[in-house]
Amino acid sequence: MTGPDRGRVGLWLVGACGSVGVTSTVGALAVRAGLAGRVGLVAEQPEIAAAGLPPLDDLVIGGHDVATDSLLKRAERLAAGGVVPAAILPAIAADLAEVEGRLRTGYDPAGDEPQGAAVERLSADLVAFREKHGLERVVVVDVASTEPPADVVDGGPLAGPEALDAALAAGESPLPTSSVYVLAAYRAGCPVVSFTPSPGPRLPVLVALAERAGLPWAGSDGKTGETLLKSALAPMFATRGLQVNAWASYNMLGGGDGATLADPANAQSKLTTKAQGLEAMLGHPVDGPMHIDYVPDHGDWKTAIDHVSFEGFLGVRMSLQFTWSGCDSALAAPLVLDLARLTLRAAEVGETGPLPFGFFFKDPAGSTEHRLGSQWEELVAWCGRVGRVGRAGEAGQEAR
Ligand SMILES: NC(=O)c1ccc[n+]([C@@H]2O[C@H](COP(=O)([O-])OP(=O)(O)OC[C@H]3O[C@@H](n4cnc5c(N)ncnc54)[C@H](O)[C@@H]3O)[C@@H](O)[C@H]2O)c1
C-alpha cells in the first residue's frame, strides 16, 4: 500500500528481457496479485523491513533491452524450463503486457549511435517514464549481459567528468556499455544498482559523477550461488582456526548468462569477481583454481562443485566437498527486487555514494568485507539507522 504522503516508485531494468529481468518482473507481478509468496525476499525480514522500504506493490516496472522478443514469450520459455510457475502466467498476462509497453530500445555498442546521443536518449526515456507514471523516483538496475573487463586507462576521455563530457560532445564513444546506462541514469537523477560484474558505476569518473549528483549506488555482481556459500563457509574455517590449503571450484552454467560467459573475455569479469575475498576471509593466501563451463542442457540451473582441502590440529588433513544446484534466476530475482527497494529508500533519505549492501554482492563496492555474517550485520545496522529517519532533506545526514 502506498502511504498517505508517499508516491509510487519505479524500477527500470537494463536487460529487462533477460532471464533475471523477466523473473524479477514476473515475480513482482505475481506477489502483487497474491499468486506467489514472499520466500526468498530478504527485504521481508523484520530487520530489513525496519528501514521503511517502499512496498513491493508500489514498484512500477519498465526497462531497456536490445532484444525484441515479447516478455510473455520470454516468461513462457522460463516457465517451460521450470523457473517460473506456468500456471500464473495467464493471470498476469495483462500486467506483463503493460510492462512490455514501457520497454524502450537499449544502446547497442555494435550499432552506430554515438554514446553522447545514446546517453541523452536513454536519460530522456527515464525522465519520460518517471513523469508519465507520476513516480517519486526511479532506480535503474543493470541485469544485462556481462561485458568483458573495462580497459580503463588513466587520463584521456575517462580522466574526469569534464574530459568525459568533452569526448562525448566530440562524438567519441569511450565508455563500456554498462557505464553508458549509468551515466544516463545519473543525468536523469536516478540511483543505480549494478547486479552484473560489468564495470557500470565502478569507473572512477562515474564514482565522481554520482557524488556530484548526490546519488547513491550499489554493486557489483549479485551473490547468489557458489560465492554465497564461500562467504558463509570461509569465515567458519577461519574462526575455528582450521587452515584451508586449497579451494577448487568448478561451475557449470546454462542459459543466456552461460552462453555469454562461454566467451573467455566475458568470463574473465565473472572469474575476477568470483575470486574476490577468499583470501581476505581466510586471512592467508589459498590455492583457489576456478573454472566456468557453458553447458546449455542445464538451462537456468547453475551447478557448482567445490573441493576444500583443510588442515586441523596436529596437521591432520581433511576435506569438504559440496555440490550446489541453484536455479539462477529464482535466486537472483528476489535480490533485484530487494536491492531496488533498499536503494530507493537510500535515495529517499539522501544517502550518496556506494551503499553498504555487500551482503548481496560478490564484489561489494566501497567495502573489503566479504564475510556473509558481517555483511548481514552491516546491512541490518544500516536499515535500523535509516528506519529512524524521515524523508529526503529531513534526514540525509542523520542516516549516515
Ligand atoms: N542469475 C544469477 O544468479 C546472477 C547472479 C549474479 C549476476 N548475474 C548477472 O545478471 C545478468 C543477467 O543474467 P541473465 O541470466 O538474465 O542473462 P540473460 O542473457 O538471460 O539476459 C541478459 C539480457 O541483457 C540484454 N542485453 C544485452 N546487451 C544489452 C544492451 N547493450 N543493452 C540492454 N540490454 C542488453 C539481452 O538482450 C538479454 O535480454 C548477467 O550479467 C549475470 O552475470 C546473474
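**Helix packing and a four-stranded sheet**

I'll start with a pair of helices: helix 13 passes helix 14 in a left-handed crossing. Before going further, please note that this is a predicted model.

Two packed helices are described by the angle between their axes and the distance between the axes. Here, helix 13, residues 328-348, and helix 14, residues 372-387, pack at about 45°, and their axes are 11 Å apart. Angles under 35 degrees count as roughly parallel, and 65 to 115 as roughly perpendicular. Helix 13 and helix 14 are therefore oblique to each other.

Which residues make the contact? From helix 13 they are L342, R345 and A346. Helix 14 contributes L379, W382, C383, V386 and G387. Sorted by class, that contact comprises six nonpolar residues, one polar and one charged.

Now the sheet. It is open, has four strands in the order 8-7-9-10, and its pairing is mixed. Strand 8, 290-294, and strand 10, 317-327, each have a single partner strand and stand at the edges, so one side of each is left without a neighbour in the sheet. On average, neighbouring strands are turned by 10° against each other, with direction ignored.

Let me go through the pairings in the order of the sheet. Strand 8 and strand 7 run parallel and are joined by five bridges. In this part of the sheet, L253 stands opposite Y294 of strand 8. Strand 7 pairs with strand 9 in the antiparallel sense, over 10 bridges. N251 has A304 in strand 9 as its bridge partner. Strand 9, residues 301-311, is also antiparallel to strand 10, and that pairing has 11 bridges. D306 has its bridge partner in strand 10, namely F322.

What packs on this sheet? Helix 9, residues 226-239, does, touching strands 7, 8, 9 and 10. The direction of helix 9 makes about 170° with that of strand 7, which spans 243-253. Helix 13, from the opening, packs on the sheet as well, where it touches strand 9 and strand 10. The direction of helix 13 makes about 80° with that of strand 10.

Last, the domains. The protein is divided into domain 1, given as 9-222 + 330-395, and domain 2, given as 226-327. How far apart do the C-alpha centres of the two domains lie? They are separated by 26 Å. Across the boundary, 18 residues of domain 1 are in contact with 24 residues of domain 2.

That's what I have for today.

How values were computed
Residues numbered from 1 in each chain as written. Predicted model: local features only at pLDDT ≥ 70, side-chain atom pairs only at ≥ 80, totals over all residues. Heavy atoms only, no water. Pairing = 2+ DSSP bridges. Helix = DSSP H or I, 4+ residues; strand = E, 2+ residues; numbered from the N terminus. Axes fitted to C-alpha atoms, helices over the stretch in contact; angles between N-to-C directions. Contact = heavy atoms within 4.5 Å. Parallel < 35°, antiparallel > 145°, perpendicular 65-115°, else oblique. Left-handed = near helix turned anticlockwise from the far one by under 90°. Nonpolar A, V, L, I, M, F, W, Y, C, P; charged D, E, K, R; others polar. Domains from an automatic or database assignment.
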